[in-house]
Amino acid sequence: MSDLFRDKAAEWDTRPVPLQISEGVFAAMTRHVPLDPGATVMDFGAGTGLVAGRIAPLVSSIVAVDVSPAMLEQLAKKPELAGKVEIVCQNLLEVPLGREVELVVSAMAMHHVEDTRALVRTLYAHLAPGGRVALADLDAEDGTFHAPGTVGVFHAGFERGALGSLLEEAGFVDVAFHDACEVIKEERRYPIFLVTARRPA
Ligand SMILES: C[S@@+](CC[C@H](N)C(=O)[O-])C[C@H]1O[C@@H](n2cnc3c(N)ncnc32)[C@H](O)[C@@H]1O
C-alpha cells in the first residue's frame, strides 16, 4: 500500500488545522471519557501522535496504530511518548493486533477507512469487556474539507445517527455524541464530534 501521508508527515505538526483539532479533541476526551492511569490506550490512526502525546502522561501505555510509516516515524521522535508507546504499522481490519485494550481513541482517521461498519466491528473486537471508544471526526460536510480529488478520503464526514446505529449494531452500548470543537478552514466552519461508547462488561 502506498503511504498517502508520506509528503505531509514532516510538516504535519506545523499545520494549524491538525493542531487545533487535536487540542480540541483531546479536551473533549478529558471531559467525556475516563483516562485511567492504569489503562492501555490504542490510538487508531495515530499519525504523528498529536493526540497520543497529550494522553500519554495520563495513562499507562499507548498503542499507536497507523498505516503510514512516515507519520509513525515522526511519532517515534516525540519525547512525551518515549517509553510509553508501542508503534504498530498495520491495517487492523486485515491483521488484528491479537490482544485487547481498555480504550480506543481516534482523531480524524475514520473518514480514511472506506468500510465504517467493518471498522467499528474491528475496534469492538480490540476492546476488553467494559472497554470504551472515543472517536472524533468531522460531522457530515459538503465535501470541501479536503481538496478535490484527495486520495484516500472515503467520507465527507459522518451523519451522527448513521454512525451511532453502526456502533450499536456492532454491540456497543451507551453511545453518546458530543460537540468536540469546530475548525475554520478557508472561512468555512467544520464541526467535529466525539462519539463515546462502551463494550458491555
Ligand atoms: C488526518 S490524519 C490524523 C492523524 C492524527 N490522528 C491527528 O489527529 O493528527 C489520518 C491518519 O489516519 C491514518 N489511517 C488511514 N487509514 C488507516 C487505517 N486503515 N488504519 C490506521 N490508520 C489509518 C493515516 O495514515 C493518517 O495518519
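**Close-up views of a predicted model**

**View 1. Glu114 is an exposed residue, with a relative accessible area of 56%.** The model shown here and in the views below is predicted. Because its value of 56% is over the 50% cut-off, Glu114 is classed as exposed. Glu114 is placed in the loop that connects β4 (101-107) with α4 (116-125). Apart from neighbours within four places in sequence, the contacts of Glu114 are Phe154 and His155. From Ser2, Glu114 is separated by 112 residues in sequence, and the C-alpha atoms of the two residues are 16 Å apart.

**View 2. Met108 has a positive phi in the loop between β4 and α4.** The phi angle of Met108 is near 60°. For context, most residues other than glycine have a negative phi. Met108 has a relative accessible area of 14%, and it is therefore buried, the limit being under 20%.

**View 3. The ligand is surrounded by 17 residues.** Those that come nearest are Trp12, Phe44, Gly45, Asp66 and Ala107. Two backbone contacts involve nitrogen of the ligand: a polar backbone atom of Gly45 lies 2.8 Å from a ligand nitrogen atom, and a backbone N or O atom of Ala107 is 2.9 Å from a nitrogen atom of the ligand. The side chain of Asp66 contributes an N or O atom at 2.6 Å from an oxygen atom of the ligand. On its own the ligand has 590 Å² of accessible area, of which the protein covers 94%.

**View 4. Strands β2 and β3 run parallel and belong to a right-handed β-α-β unit.** Strand β2 comprises residues 61-66 and strand β3 residues 85-89, and five bridges join them. Within this pairing, Ala64 has Ile87 of β3 as its bridge partner. Helix α3 (residues 69-75) is the helical element of the unit.

**View 5. Strands β6 and β7 form an antiparallel pair with 10 bridges.** Strand β6 spans residues 173-185, and strand β7 spans residues 188-198. Val173 is positioned opposite Arg198 of β7. The two strands form a hairpin with two residues between them, in which Glu186 adopts a positive phi near 45°.

**View 6. Glu187 lies in the loop between β6 and β7.** Its phi is also positive, near 65°, in a residue other than glycine. With a relative accessible area of 80%, Glu187 lies over the 50% cut-off and is therefore exposed.

Methods: Residues are numbered from 1 along each chain as its sequence is written. This is a predicted model: local features need pLDDT of at least 70, side-chain atom pairs count only at pLDDT 80 or more; totals for chains, interfaces and linings use all residues. Side-chain values use heavy atoms; hydrogens and water are left out. Helices (H or I, at least four residues) and strands (E, at least two) are DSSP runs, numbered from the N terminus. Buried means under 20% relative accessible area, exposed over 50%, partly exposed in between (1.4 Å probe, protein chains only). Contact means heavy atoms within 4.5 Å. Two strands pair if DSSP finds at least two bridges between them. A crossover is right-handed if, with the strands pointing away from the viewer, the path from the first strand over the helix to the second runs clockwise. A residue is near a molecule or strand if one of its heavy atoms lies within 4 Å of it. A polar contact is a pair of N or O atoms within 3.5 Å; within protein, one must be able to donate a hydrogen and the other to accept it, and residues adjacent in sequence count only if both atoms are side-chain atoms. Accessible areas come from the Shrake-Rupley method with a 1.4 Å probe; for residues, only the protein chains shown count as cover.
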